[in-house]
Amino acid sequence: MPPSVPTVHAVAPQTRAEAPESVAEGGGWATLAGAQDADTCALWLDVADWSPWRRRATALLDAAERARVERMRRPADREMLTIAYAAHRLLLASCLGRAPEAVPLTRDARGCPRVPGTAWHTSLSHADGAVAIAASRVGPVGIDLETRARAGLMPELAERICSPAELRRYAAMGPEALLALWVRKEAVLKACGWGLGVEMSGIEVPDGASCVLPRDGRRVHVAMLPVGAAHVAALASPGPDGIRHVPWWRP
Ligand SMILES: CC(C)(COP(=O)(O)OP(=O)(O)OC[C@H]1O[C@@H](n2cnc3c(N)ncnc32)[C@H](O)[C@@H]1OP(=O)(O)O)[C@@H](O)C(=O)NCCC(=O)NCCS
């Protein structure tokens with residue numbers, strides 16, 4: 001009996017009408033049907049749902065990805081990274097119409113994932129048993145996922161997270177609102193490719209609005225993603241999204 005069907009939650013593509021709603025078998029792996037027609041895709045997954053396919057996921061990784069997995073001391077982190085890197089390749093394979101092993105996925109000097117030789121921008125986040133991935137062929141994307149348990153740490157980071165104006169507003173709003181602001185800002189900083197190399201307090205990122213990417217000048221739309229009770233996530237993408245939940249047969 002095959003293991004039960006894991007679910008991937010995908011954000012609908014932005015400018016083409018079809019969302020990647022169905023799945024198709026290809027070469028023994030399911031592909032996200034519709035991803036090839038989409039301008040922007042994002043998804044998140046629960047690592048536990050995918051662990052039955054860990055061995056097959058390992059086979060998809062390149063040498064650099066395997067080395068990064070091996071550097072993790074905790075078995076749970078090794079499993080999470082294996083699934084994250086395999087799912088990243090599988091999403092991009094669907095977008096590009098190539099085999100996962102043939103996706104030219106690399107990281108630049110700052111650690112930002114790149115797909116050289118293609119129009120695609122991409123972003124990855126992994127935290128405590130969950131993975132979020134975004135890809136767009138129309139402009140930069142950034143995705144960030146954090147465990148909700150981190151909210152308790154946020155008040156002491158408030159000055160690092162908030163601009164002076166945000167600090168006044170968010171002081172009254174509590175740790176959950178600060179964590180949401182954190183993931184929106186991290187999504188923006190990943191979209192510009194600098195990560196925490198740019199100060200969070202230097203940008204303002206309201207929910208459901210657009211903002212200018214630091215050191216880049218292009219605009220991104222930033223929205224919270226629904227990722228279940230245990231996590232909080234945000235996507236910075238070239239435009240506003242409708243959000244759909246879609247099944248994906250397996251990694
Ligand atoms: C990107 C960054 C914000 C990740 O933060 P995190 O919440 O710990 O981790 P996440 O799981 O959300 O994201 C990790 C992924 O982001 C991506 N990433 C790494 N650096 C990135 C960058 N500069 N821009 C965009 N994405 C980046 C990678 O895919 C990474 O996964 P991998 O390391 O397994 O390949 C952080 O690592 C960072 O800022 N790196 C840049 C280096 C830097 O300037 N550091 C300054 C430290 S103060």
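## Arg 215 and the S10–S11 hairpin

Arg 215 sits in the loop that links S10 and S11. The model described here is a predicted one. Arg 215 counts as exposed because 10 C-beta neighbours lie inside 10 Å, and the cut-off for an exposed residue is 12 or fewer. Its phi is near 55 degrees, a positive value in a residue other than glycine. Most residues other than glycine have a negative phi.

The strands on either side of this loop form a hairpin, with six residues between S10 and S11. Strand S10 covers residues 209-212 and pairs with S11 in the antiparallel sense over four bridges. Within this pairing, Ser 210 has His 221 in S11 as its bridge partner.

## The S11–S12 hairpin and Ala 230

S11 takes part in a second hairpin, this one with S12, and five residues lie between the two strands. Gly 228, in the turn, has a positive phi of about 85 degrees. S11 and S12 pair in the antiparallel sense over five bridges. In S12, Leu 235 stands opposite Ala 223.

Ala 230 belongs to the loop between strand S11 (219-225) and strand S12 (231-237). Is Ala 230 exposed, partly exposed or buried? Ala 230 has 13 C-beta neighbours inside 10 Å, so it counts as partly exposed. Leaving aside residues up to four places away in sequence, Ala 230 touches Thr 147 and Arg 148. Ala 130 is 100 residues from Ala 230 in sequence, while their C-alpha atoms are 9.2 Å apart in space.

## Strand S12

Seven of the seven residues of S12 are buried, and the strand is therefore largely enclosed by the rest of the structure. In a regular strand the side chains alternate between the two faces of the sheet. On one side of S12 are His 231, Ala 233, Leu 235 and Ser 237, and on the other are Val 232, Ala 234 and Ala 236. Both faces are covered, since all of these residues are buried.

Which strand pairs with S12 over six bridges? Strand S9, residues 142-147, does so in the antiparallel sense. Gly 142 is placed opposite Ala 236 in S12.

## The nonpolar core

In soluble globular proteins, nonpolar side chains tend to be buried together. The largest nonpolar core in this model has 65 residues. Those with the most contacts inside it are Trp 44, Val 131, Ile 133, Ile 143, Val 188 and Ala 233. Helix H4, residues 75-96, supplies the largest share of this core, 13 residues. The core draws at least three residues from each of domain 1 (7-140 + 242-247) and domain 2 (147-220).

Val 188 gives a detailed view of the contacts of one core residue. Not counting residues up to four places away in sequence, Val 188 touches Gly 142, Ile 203, Val 205, Cys 211, Leu 213, Val 220, Val 222 and Ala 236. Two of these, Gly 142 and Ala 236, stand opposite each other in the pairing with S12.

## Around the ligand

The ligand is surrounded by 20 residues, and the closest are Gly 111, Cys 112, Gly 195, Leu 196 and Gly 197. Two elements give two or more residues to this shell: strand S7 (121-127) and helix H7 (175-191). The largest share, five residues, comes from S7.

By class, the shell holds seven nonpolar, seven polar and six charged residues. Where does the ligand lie with respect to domain 1 and domain 2? Domain 1 (7-140 + 242-247) and domain 2 (147-220) both give residues to the shell, so the ligand lies between them.

## Asp 128

Asp 128 is placed in the loop between S7 and strand S8 (130-136). Its phi is near 45 degrees, which is a positive value in a residue other than glycine. Asp 128 is partly exposed because 16 other C-beta atoms lie within 10 Å.

## The chain as a whole

The chain contains seven helices and 13 strands. Of its 251 residues, 45% are buried. Among contacts with a separation of 6 or more, 60% join residues 24 or more positions apart.

Note on methods
Residues are numbered from 1 along each chain as its sequence is written. This is a predicted model: local features need pLDDT of at least 70, side-chain atom pairs count only at pLDDT 80 or more; totals for chains, interfaces and linings use all residues. A residue is near a molecule or strand if its C-beta atom, placed from the backbone, lies within 6 Å of it. Ala, Val, Leu, Ile, Met, Phe, Trp, Tyr, Cys and Pro count as nonpolar, Asp, Glu, Lys and Arg as charged, and the others, Gly among them, as polar. Domain bounds come from an automatic or database domain assignment. A nonpolar core is a set of buried Ala, Val, Leu, Ile, Met, Phe, Trp, Tyr and Cys residues joined through C-beta atoms within 7 Å. A residue is buried if 20 or more other C-beta atoms lie within 10 Å of its own, exposed if 12 or fewer, and partly exposed in between; C-beta atoms are placed from the backbone. Two residues are in contact if their C-beta atoms, placed from the backbone, lie within 7 Å. Two strands pair if DSSP finds at least two bridges between them.
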